[in-house]
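Please open the model in your viewer and keep the selection panel at hand. The tour goes from one helix pair to the ligand and then to the whole chain.

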Amino acid sequence: MTGPVSRETPPLVDKLFPRAAVRLSAYAELLATEGTLRGLIGPREVPRLWDRHLLNCAVVERLIPEEALVADIGTGAGLPGIVLAIVRPDLQVELVEPLLRRTTFLQEAVDALELDNATVVRSRAEDLPRASYDVVTSRAVAPLGKLARWCLPLCVEGGLMLAMKGSSAGEELDASERELAKLGAELWHIHQLGGEELALPTTVVSIVAGRAAGGSRHGGNGR
Ligand SMILES: C[S@@+](CC[C@H](N)C(=O)[O-])C[C@H]1O[C@@H](n2cnc3c(N)ncnc32)[C@H](O)[C@@H]1O
């Protein structure tokens, strides 16, 4: 089981997300307890829940326009979807996950946290309605090319696919540029978020969905 140190809310949370800190802490507690008991989060992740998971996901909100309808594909235990719903009450977030064990946990978390802007959707990405979302997020779900085949068709024209990636972001983008162009993507860009504040900055590949074929890497939509 987890030790008490892992449950402490870092001061940075109050500084960056003062209005969301209580709910974020409640979610951290849920992940550290039920989440690990049910095998949704590895026990070794508990001491680094804030650095590697919650804060890392929370800063992605900086790329999301106001009042967007967001689908978080393969959300697992709710990352980044639940975090985004907590820190951005203006968003509507669909937590998309095919596995029942995970959707059961997600629904319990949404209820416990009283998140009225998050909905659990038991589905695979491929089975969701097309051209429906302003923003489609994901973390640790699939390589970028495959992810783009799943996520870009779900975006409205001009919508945004946001893929949280690790150090492979550049390589993955290079390898999938042709595919992105075929899928009608217009701009793509690698963002480093939280570099000044977080122990581990977050890398996000953003891709603007559109009809026009082609695109340019580091197109710099600046969002
Ligand atoms: C490695 S987990 C990542 C979970 C979470 N995003 C995170 O970062 O902790 C990948 C998740 O993607 C889900 N998944 C796999 N294939 C999927 C698909 N075709 N559509 C939607 N989700 C899928 C899995 O069930 C799993 O929960």
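Select Tyr27, Leu30, Glu34 and Gly35 in helix 2 together with Phe105, Ala109 and Ala112 in helix 5, since these are the residues through which the two helices meet in this predicted model. Colour that selection by class, and the contact of helix 2 with helix 5 separates into five nonpolar, one polar and one charged residues. Next, widen the selection to residues 21-37 for helix 2 and residues 100-112 for helix 5, whose axes come within 11 Å and cross at roughly 145°; the crossing of helix 2 and helix 5 is right-handed.

Now move to the ligand and show the residues around it, of which there are 16, the closest being Gly74, Gly76, Arg124, Ala125 and Arg139. If the same class colouring is applied here, the shell around the ligand shows eight nonpolar, three polar and five charged residues.

Finally, select the whole protein chain as a cartoon, where seven helices and eight strands can be traced. The radius of gyration of the protein chain is 17 Å, close to the 17 Å given by the globule rule for 223 residues, so the chain is as compact as a globular protein of that length. Turned onto its principal axes, the C-alpha trace spans about 50 × 35 × 30 Å. Colour by burial, and 44% of the 223 residues count as buried. A contact map adds a last view: among contacts in the protein chain with a separation of 6 or more, 68% join residues 24 or more positions apart.

Methods: Residues are numbered from 1 along each chain as its sequence is written. This is a predicted model: local features need pLDDT of at least 70, side-chain atom pairs count only at pLDDT 80 or more; totals for chains, interfaces and linings use all residues. A residue is near a molecule or strand if its C-beta atom, placed from the backbone, lies within 6 Å of it. Ala, Val, Leu, Ile, Met, Phe, Trp, Tyr, Cys and Pro count as nonpolar, Asp, Glu, Lys and Arg as charged, and the others, Gly among them, as polar. Axes are lines fitted to C-alpha atoms, for helices over the stretch in contact, and angles run from 0 to 180 degrees between N-to-C directions. Helices (H or I, at least four residues) and strands (E, at least two) are DSSP runs, numbered from the N terminus. A crossing is left-handed if the near helix is turned anticlockwise from the far one by less than a right angle, and right-handed if clockwise. Two residues are in contact if their C-beta atoms, placed from the backbone, lie within 7 Å. The radius of gyration is taken over C-alpha atoms; the globule rule is 2.2 Å times the number of residues to the power 0.38. A residue is buried if 20 or more other C-beta atoms lie within 10 Å of its own, exposed if 12 or fewer, and partly exposed in between; C-beta atoms are placed from the backbone.
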